[in-house]
2 protein chains.
Amino acid sequence: MIERGAVAVIFTSTRSSADEPGYAAMAARMESLASEHDGFISVHSVRDPQARTGITVSYWRDDASARSWKLVQEHLLAQDLGRTTWYADYSVVVASVIRAYGSDPSPADSGTQPQ
Amino acid sequence: MIERGAVAVIFTSTRSSADEPGYAAMAARMESLASEHDGFISVHSVRDPQARTGITVSYWRDDASARSWKLVQEHLLAQDLGRTTWYADYSVVVASVIRAYGSDPSPADSGTQPQ
């Protein structure tokens, strides 16, 4: 379970086209590269192929590691391609975790009480 | 654009079954009910029918309004059904927005600089 003080990066996007060549490979490569970056905790990504919308949430130890990942050279190139080619629309929200809970509570649960 | 200090509720889930009766109607009803609740800003939901996974992110004016929405009677019933019937697995992360940016910047953009 994600702990209080971790940083969530919420990436919401709408693709320009459902089958732009290279997109799936780039997305997989970015997840792999992110997961090796210092401070990475986890990533969850869901895409609706029909609606062309997607949400990816990555969790980071702190804001410094989230910012540092944003500046990785290969990731900067992907961001450029995203802006110019892949996404009709996107937004990024960066947020500091207050609490977390779920169907599989563990001693690592954060927060003092469920929301 | 979401402003600093708003609260994001990130709901990640895996359905037990892809076509449980009543699920789509409940999900639509909850989005509608939430949108009328005091402090509601917006909601974004993506579900992959094949993988049965979904992410819903709702944004709230503050933590008090997010907590208050959680306690609405009809929403409590839906949460019970979610736990007992609809979801094989779920997690909720509540986080305080630090900054936000995207493809359609507006004067309401929050934060002092892009991440």
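In this predicted model, ring pairs join Phe11(A), Tyr23(A), Trp86(A), Tyr87(A) and Tyr90(A) into a cluster. A pair of aromatic rings is described by how far apart the centres lie and by the angle of the planes. Over all chains, the count of aromatic pairs comes to 14.

One of these pairs is formed by Tyr23(A) and Trp86(A), whose rings meet edge-to-face, with 5.5 Å from centre to centre and 75° between the planes. Because Tyr23(A) lies in helix H1 of chain A, which covers residues 23–35, while Trp86(A) lies in helix H3 of chain A, which covers residues 73–86, this pair ties together parts that are 63 residues apart in sequence. Both Tyr23(A) and Trp86(A) are buried.

Tyr23(A) also forms an aromatic pair with Tyr87(A), and this pair is edge-to-face, with 5.9 Å between the centres and 90° between the planes. Here helix H1 of chain A, which holds Tyr23(A), is linked to strand E4 of chain A, residues 87–102, which holds Tyr87(A), and the two residues are 64 apart in the chain.

The accessibility values of these two residues can be read against the cut-off for burial, which is under 20% relative accessible area. Tyr23(A) has a relative accessibility of 9% and therefore counts as buried, and Tyr87(A), with a relative accessible area of 13%, is buried.

The ring of Tyr23(A) has a charged neighbour too, since the charged end of Arg15(A) sits over this ring at 3.7 Å from its centre. In chain B, Arg15(B) lies over the face of Tyr23(B), with 3.7 Å to the ring centre.

Key:
Residues are numbered from 1 along each chain as its sequence is written. Chains are lettered from A and ligands numbered from 1 in the order in which they are written. This is a predicted model: local features need pLDDT of at least 70, side-chain atom pairs count only at pLDDT 80 or more; totals for chains, interfaces and linings use all residues. Side-chain values use heavy atoms; hydrogens and water are left out. Rings of Phe, Tyr and Trp (its six-membered ring) pair if their centres lie within 6.5 Å; planes under 30 degrees apart count as stacked, over 60 as edge-to-face and the rest as tilted. Helices (H or I, at least four residues) and strands (E, at least two) are DSSP runs, numbered from the N terminus. Buried means under 20% relative accessible area, exposed over 50%, partly exposed in between (1.4 Å probe, protein chains only). A charge sits over a ring if NZ of Lys or CZ of Arg is within 6 Å of the ring centre and within 35 degrees of the ring normal.
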